[in-house]
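Q: Please take a close look at a single strand of this protein and at its immediate surroundings. A connected account would be preferred to a list.

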Amino acid sequence: MGSIPLTLCTGLLACAAGLAPAAALAADGQGVTVTPASPPAGSVVALRASGCSGSTGTAVSTAFVTDARLAGTGGDLTGQAEVRSTAGAGTYTVQVSCGGSAVTGNVTVVRDSSSQQDAPGVVPASPFAPVHAGGGGTAPLASVDARSAGPDTAQAVTGLLLAAFAVVAVGLLSARRRHGSR
């Protein structure tokens, strides 16, 4: 995903997280809100932890691919997590550890309704155009601006020394051939 679509998706997700109603908060205003509250496996969710002490925290759930880092101020921490693509449908506990305290919430993973692999007679979609692939080990090189990718000082000095050595070697070899041919 390119940087512009990624930025737009992140912005939309942040807006959705801000506009979504706070669900499953405890009576004292502490808890974890997951948006969307019922994501399909493999999707990215927004996390909001309320009632935290400190400015950073970590959200842990068996539904997530990895632990999610959260950050914020004023007792509210936010972040994102990816739901495992292999997570089965069901309710999973989300626990956020922040500044020596912990708050909990739930996420309910649902079966992806857009997946039609189980439907009889439905052929899975396949690409109809070339897939953007390739690059391999050259991908990092392709992203370097050629105007700013010149040699540094040490490389320039080494190149000049090698060129000088080559000139001296060719000169000595020429002189030797001239003296040996007489």
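A: Helices and strands are here DSSP runs, of at least four residues for a helix and at least two for a strand, numbered from the N terminus. In this predicted model, the protein has three helices and seven strands by that definition. Their order from the N terminus is α-β-β-β-β-β-β-β-α-α.

The strand chosen for the close look is β1, which spans residues 31-35. Buried residues, those under 20% relative accessible area, make up 20% of the 182 residues in the protein. Strand β1 itself is mostly covered, with five of its five residues buried. G31, T33 and T35 point one way from the strand, while V32 and V34 point the other way, and burial applies to all of them.

The partner of β1 is strand β2, residues 44-50; the two run antiparallel and are joined by five bridges. Within this pairing, V32 stands opposite A49 of β2.

At T35, the chain passes to P36 through a cis peptide bond, with omega near -5°. P36 itself lies in the loop that links β1 and β2.

A residue elsewhere offers a contrast in exposure. G100 is placed in the loop between β6 (90-98) and β7 (101-109). G100 has a relative accessible area of 88%, and because this is over 50%, G100 counts as exposed. From G57, G100 is 43 residues away in sequence, and the C-alpha to C-alpha distance between them is 9.4 Å.

For the protein overall, the accessible surface comes to about 12600 Å², and 61% of this belongs to carbon and sulfur atoms.

Terms used:
Residues numbered from 1 in each chain as written. Predicted model: local features only at pLDDT ≥ 70, side-chain atom pairs only at ≥ 80, totals over all residues. Heavy atoms only, no water. Buried < 20%, exposed > 50% of the residue type's maximum accessible area, 1.4 Å probe, protein only. Pairing = 2+ DSSP bridges. Areas by Shrake-Rupley, 256 points an atom, 1.4 Å probe, with all protein chains shown as cover.
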